[in-house]
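Got your viewer open and your selection tool ready? Load the model, and let's walk through it one stop at a time.

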Amino acid sequence: MNDLVAKLINENLIPLKPYESARRLYSGGQDWLNANESPFANDYRVDSSNFNRYPSCQPKRVVDAYAGYVGVSPDQLIVTRGADEGIELLIRTFCTPGKDNILICPPTYGMYAISAETCDIGVKTVPLTDGFALNTEAICDQDDVNLVFICSPNNPTGTRAAINDVEKVLSHFKDSALVVMDEAYIEFDSEGSWVDKLSQYPNLVVLRTLSKAFGLAGLRCGFTLASEEIIQSLLKVIAPYPIPEPVAQIAAQALNKEGLARVALQVETLNNHRQALKSQLANRPGITLVGDTTANFVLFRFEKSQALMAYLVENGMLIRDQSKQLNLKNCLRATVGNEEQNARLLTLIDSFIEQTGVSA
Ligand SMILES: *Cc1c(COP(=O)(O)O)cnc(C)c1O
């Protein structure tokens, strides 16, 4: 490392590595079933007549549209550069570096720990149980935490957190910590949302995004929903112009009546494809489904997972290796794609099994 850089760099960043997206690693691929994106790319119009002006910090038409969509007041919501920025804002706003902790329940989404580490915030870990349920007793034993992150549907297990368990956690931490429900995949599990409970639990926060069901991962637009006091605190920390004007225009279109109707149809289609992919995968010799499928992906265990991954990559098909996550040895996660992509994945798995002779 360059001496000056080594001398100056924030010490807690030294062990960290730049994020490596699969796309950076395998630029030659063609089928991307690795990042839980939607296979649908919808059309939008952009009006450039105000691009010479700074955008609004919180574009009103987007705030109002999303508030209307989920049924909260516009002061209970902040628009961010993806849900990932919401995670980081919560950590920067509600944790003091070198002193405070967050709590996570692995196997789960990686950005909670990454954001905490870059901010010099401690990470306490209470693993999910064998059936991927919250270990509420162990969670409630952790007194020294400011934020509890619960992902439901959970990435990568596809499981929904039980209502009773979340209620226990919310009540236990009512005077000591915020409980953040990450609902990045909630459109695929419409019964599972906690948004309606915001008024009942002042320490509840809900994260949402346009990156998954809405098919707008390229847009970078997410939402944090919480009490007005929590939102006011986050507004102290967010950058002055976080939402580019073209993003605001496109998000507003995605959230209008037509956009919402289209997403509902696409979610229905993907949920049907998921059921098909799930039952077909379960029929393959040596494959065991793991967790549940309340989101737009399927997690499965396969003994030769590394060799299968390599074979798929060779053939331009990318899914996501989850085998390094806690309790997910030999597990791979496949995003539900369009019909052709799902069929191609199954065909490649079959030819791999045939070549290597895995038996049931
Ligand atoms: C994809 C994902 C996010 C990030 O969403 P962005 O809005 O694209 O930043 C957050 N949480 C979970 C669980 C995710 O899978």
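Select β9 and strand β10 (residues 297-302): these two pair in the antiparallel sense, over 4 bridges. Keep in mind as you look that this is a predicted model. For one spot where the two strands face each other, click V290, which stands opposite L299 in β10. If pairing is a new word for you: strands of a sheet pair through backbone hydrogen bonds, either parallel or antiparallel.

Now widen the selection to the whole sheet. In what order do its 4 strands run? The order is β9-β10-β13-β12, in an open sheet with antiparallel pairing. Look at the edges, where you'll find β9 (287-290) and β12 (320-321). Each has a single partner strand, so one side of each is left without a neighbour in the sheet.

Next, add helix α12 (residues 339-356). This helix lies across β9, β10 and β13 (331-335). Compare its direction with that of β10: the helix runs at about 5° to that strand.

While you're here, zoom in on the loop between β12 and β13, where N327 is found. Its phi is near 65°, a positive value in a residue other than glycine. That's worth a pause, because most residues other than glycine have a negative phi. Is N327 buried, exposed or partly exposed? With a relative accessibility of 45%, N327 counts as partly exposed.

Time to zoom out and colour by domain. The domain assignment of the chain gives domain 1 as 3-38 + 259-355 and domain 2 as 60-255. In the contact between them, 28 residues come from domain 1 and 31 residues from domain 2. If you mark the C-alpha centres of domain 1 and domain 2, they lie 23 Å apart.

Now go to strand β7 (204-209). How many of its 6 residues are buried? The count is 6 of the 6, so β7 is largely enclosed by the rest of the structure. Show the side chains and see which way they point: L204, V206 and R208 go one way, while V205, L207 and T209 go the other way, and all are buried.

β7 has partners to look at too. With β6 the pairing is parallel, over 4 bridges, and V179 stands opposite L204 in β7. With β8 the pairing is antiparallel, again over 4 bridges. To see a bridge with β8, pick R208, whose bridge partner there is F223.

From β8, move on to helix α8 (residues 228-237), and select its buried residues: I230, I231 and L234. Turn the view until you're looking down the axis of α8. Its buried residues fall within an arc of 95°, so they line one face of the helix. Here's a rule to help you picture that: an α-helix has 3.6 residues a turn, so residues three or four places apart point the same way. On the face turned away from the buried side of α8, you'll find the exposed residues E229 and K236. What covers the buried residues of α8? The cover includes β2 (77-80), α4 (82-94), β6 (178-182), β7 and β8 (222-225).

Next come three loop stops. Start between β3 (101-104) and α5 (111-118), where P107 is found. The peptide bond from P106 to P107 is cis, with omega near 0°. Then jump to the loop between β5 (147-151) and α7 (163-172), the place to find P153. The peptide bond from S152 to P153 is cis, with omega near -5°. Cis bonds are something to look out for, as most peptide bonds are trans. The third stop is D120, in the loop between α5 and β4 (122-125). Phi of D120 is near 60°, a positive value in a residue other than glycine. D120 counts as partly exposed, at 36% relative accessibility.

Last stop: the cysteines. How many disulfides does a search of the whole structure find? The search finds 0. Select C221, which is in no disulfide; the nearest cysteine sulfur, that of C57, is 13 Å away. C331 is in no disulfide either, and there the nearest cysteine sulfur, that of C151, is 16 Å away. A disulfide needs two cysteine sulfur atoms within 2.5 Å. Finish by looking at what surrounds these two residues: C221 counts as buried at 0% relative accessibility, and C331 is buried with a relative accessible area of 0%.

Terms used
Residues numbered from 1 in each chain as written. Predicted model: local features only at pLDDT ≥ 70, side-chain atom pairs only at ≥ 80, totals over all residues. Heavy atoms only, no water. Buried < 20%, exposed > 50% of the residue type's maximum accessible area, 1.4 Å probe, protein only. Pairing = 2+ DSSP bridges. Contact = heavy atoms within 4.5 Å. Axes fitted to C-alpha atoms, helices over the stretch in contact; angles between N-to-C directions. Arc of directions from axis to C-beta. Domains from an automatic or database assignment.
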